[in-house]
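User: I should like to learn how the surroundings of a bound molecule are read. Please begin with the kinds of residues around it.

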Amino acid sequence: MKKLIVLTGAGISAESGISTFRDKDGLWEKHRIEDVATPQGWHANPKLVLDFYNQRRKQLLTCKPNGAHLALAKLEQYFDVHIITQNVDDLHERAGSSQILHLHGELKKVRSSMDESLIYDLDGWQLNLGDKCEKGSQLRPHIVWFGEMVPAIEQAADIMANADLVLIIGTSLNVYPAASLMHYAPSETPIYIIDPVQPNAAKDSKITHITQKAVEGMNQLLPLLIQQK
Ligand code: APR
């Protein structure tokens, strides 16, 4: 089977009711990145950070995968599909996709703040001050904050280097190193982007841009992709 490599961002979850970051009314209009998504913010006010992620986990409980997530799961019948996502929600998992790499962490997991190898599934949606790991340190969100390393980036680049087809859905391609991944695909690999807005980093003539939201864009692209299986 041909390898279809899919890079997704917040836009694919927008139609499930989850805010993106940089659109109008996005998360970064309501919160300062430095307060809630950096190690400095965590050290300065861990309760504010815990509350920020608790609210996003609580909201996620009310959301479900949309047609775009489900279409990607369906494509596993025709391709060896690898999803590389910047998203921390679990909608790709709940849609049935089976090969998912989270570049920026996972909302439903927490980890030790002193030993990053100690990662735990979180029961429920609340992580509070005083919730400790087995070594006695405060548990933190299992999220890659700005300024932190992206441990999965090399694995992601290796996956992209074997792509026969690349699909990019719902990312402004503003954040590196994720935004550089498409350049790891072999030079002749067809690249499709689904996004109502054309990301600046993708104004390359070789890229086919489908100016649609994720659900409608996948409805249009699915038959075209299946023809290339
Ligand atoms: N369907 C498809 N794309 C959409 C939709 C939709 N319904 N709604 C919005 N978009 C597009 C926007 O046009 C934009 O290009 O989704 C993209 C969202 O961009 P961002 O909000 O910047 O989200 P993302 O690219 O995922 O951000 C990357 O930044 O803050 C960090 O760690 C965070 O993983 C995140 C990273």
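Analyst: The residues around a ligand may be sorted by class. In this predicted model, the shell around the ligand consists of 9 nonpolar, 8 polar and 5 charged residues.

User: Which of the 22 residues around the ligand come nearest?

Analyst: F21, R22, T171, S172 and D195 come nearest, out of the 22 residues around the ligand.

User: How should polar contacts with the ligand be read, and which atoms take part?

Analyst: A polar contact is a pair of N or O atoms within 3.5 Å. An oxygen atom of the ligand lies 2.6 Å from a polar side-chain atom of D195. The side chain of E15 places an N or O atom 3.2 Å from a nitrogen atom of the ligand. The backbone also takes part: a polar backbone atom of A10 is 2.8 Å from an oxygen atom of the ligand.

User: How much of the ligand does the protein bury?

Analyst: The size of an interface is often given as the accessible area lost when the parts come together. Here the ligand exposes 740 Å² when taken alone, and the protein buries 93% of that area.

User: Where does the ligand sit, and from which domains is its shell drawn?

Analyst: The ligand sits in the largest pocket. The protein is divided into domain 1 (1-18 + 65-104 + 150-229) and domain 2 (19-62 + 109-143), and each of these domains supplies at least three residues to the shell around the ligand.

User: How are the two domains placed, and how many residues are in contact between them?

Analyst: The C-alpha centres of domain 1 and domain 2 are 25 Å apart. Between the two, 14 residues of domain 1 are in contact with 9 residues of domain 2.

Methods
Residues numbered from 1 in each chain as written. Predicted model: local features only at pLDDT ≥ 70, side-chain atom pairs only at ≥ 80, totals over all residues. Heavy atoms only, no water. Near = heavy atom within 4 Å. Polar contact = N/O pair within 3.5 Å; in protein donor to acceptor, adjacent residues only side chain to side chain. Areas by Shrake-Rupley, 256 points an atom, 1.4 Å probe, with all protein chains shown as cover. 1 Å grid on protein atoms, 1.4 Å probe; cavity = no way out; pocket = protein on both sides within 12 Å on 5 of 7 lines; lining within 4 Å. Sits in = over half its atoms within 2 Å of the grid points. Nonpolar A, V, L, I, M, F, W, Y, C, P; charged D, E, K, R; others polar. Domains from an automatic or database assignment. Contact = heavy atoms within 4.5 Å.
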